[in-house]
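Here is a short tour of a helical neighbourhood, written for reading alongside the coordinates. Keep the viewer open and follow the residues as they come up.

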Amino acid sequence: SSVENGRPPDPADWAVIDVVNYFRTAGFEEQANAFQEQEIDGKSLLLMTRNDVLTGLSLKLGPALKIYEYHVKPLQTQHLKNNC
């Protein structure tokens, strides 16, 4: 399987460190640590709801909203499209 930026292309195959690096690369250095603390791997990331991101990670609301809307949700949508 190919690798993009050191991560497998399908988020379901990401390890916790892949998720952390994804958010670091996206500019959420501080928030990325929360994903590590909560041991969110790719499969967990794809299962996260808006509420999980906003309340489960103890993030500030602004960054949490952006993380969900611009990163988690699109990754979930893309994953579903690729696996239908």
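Does H71 count as buried or exposed? At 15% relative accessibility, H71 counts as buried, because the cut-off for that label is under 20%. Please keep in mind throughout that this is a predicted model.

## H71 and its surroundings

You will find H71 in helix α5. Setting aside residues up to four places away in sequence, H71 touches Y22, F23, A26, F28 and K66. Two of the names on that list lead straight to the next stop, since Y22 and F23 are among the buried residues of helix α1.

## Helix α1 and what it packs against

Helix α1 covers residues 16-25, and its buried residues are D18, V19, V20, Y22 and F23. These buried residues pack against three helices: α2 (29-37), α3 (42-47) and α5 (61-82). After α1 comes G27, which has a positive phi, near 100 degrees.

F23 is a good residue to click on. Leaving aside neighbours within four places in sequence, F23 is in contact with F28, E29, A32, F35, L45, I67, H71 and V72. So the contact with H71 appears again, now from the side of F23.

## How α1 meets α2

A helix pair has a standard description: two packed helices are described by the angle between their axes and the distance between the axes. For α1 and α2, the axes come within 8 Å and cross at roughly 165 degrees. An angle over 145 degrees counts as roughly antiparallel, so α1 is roughly antiparallel to α2. The crossing of α1 past α2 is right-handed.

Which residues make up this contact? From α1 come V16, I17, V19, V20, F23 and R24, and they meet E29, A32, N33, F35 and Q36 of α2. Sorted by class, the contact of α1 with α2 has 7 nonpolar, 2 polar and 2 charged residues.

## The largest nonpolar core

In soluble globular proteins, nonpolar side chains tend to be buried together. Here the largest nonpolar core has 23 residues, and F23, F35 and L45 touch the most other members. The elements giving two or more residues to this core are α1, α2, α3, α4 (50-56) and α5. The largest share, 5 residues, comes from α5.

## More positions along α5

Q76 also belongs to helix α5. Q76 has a relative accessible area of 13%, so it is buried. Not counting residues up to four places away in sequence, Q76 touches L45, L46, L47, M48 and Y68. L45 on that list is one of the residues that touch the most other members of the largest nonpolar core.

L65, found in helix α5, has another level of exposure: at 28% relative accessibility, L65 counts as partly exposed. Leaving aside neighbours within four places in sequence, L65 is in contact with R50 and L54. L65 and N21 are 44 residues apart in sequence, and their C-alpha atoms are 19 Å apart in space.

## The loops: L57, S58 and E39

The loop between α4 and α5 holds L57 as well as S58. Where do these two stand on accessibility? L57 is buried, with a relative accessible area of 5%, whereas S58 counts as exposed at 68% relative accessibility. Not counting residues up to four places away in sequence, L57 touches A34, F35, Q38, I40, M48 and D52. The C-alpha atoms of L57 and N33 are separated by 9.6 Å, with the two positions 24 residues apart along the chain.

Backbone angles deserve a look here too. Most residues other than glycine have a negative phi, and most peptide bonds are trans. S58 has a positive phi, near 55 degrees, and is not a glycine. E39, another residue other than glycine, has a positive phi near 55 degrees. E39 is in the loop between α2 and α3, and at 61% relative accessibility E39 counts as exposed.

How values were computed. Residues numbered from 1 in each chain as written. Predicted model: local features only at pLDDT ≥ 70, side-chain atom pairs only at ≥ 80, totals over all residues. Heavy atoms only, no water. Buried < 20%, exposed > 50% of the residue type's maximum accessible area, 1.4 Å probe, protein only. Helix = DSSP H or I, 4+ residues; strand = E, 2+ residues; numbered from the N terminus. Contact = heavy atoms within 4.5 Å. Core = buried A, V, L, I, M, F, W, Y, C linked by side-chain atoms within 4.5 Å. Axes fitted to C-alpha atoms, helices over the stretch in contact; angles between N-to-C directions. Parallel < 35°, antiparallel > 145°, perpendicular 65-115°, else oblique. Left-handed = near helix turned anticlockwise from the far one by under 90°. Nonpolar A, V, L, I, M, F, W, Y, C, P; charged D, E, K, R; others polar.
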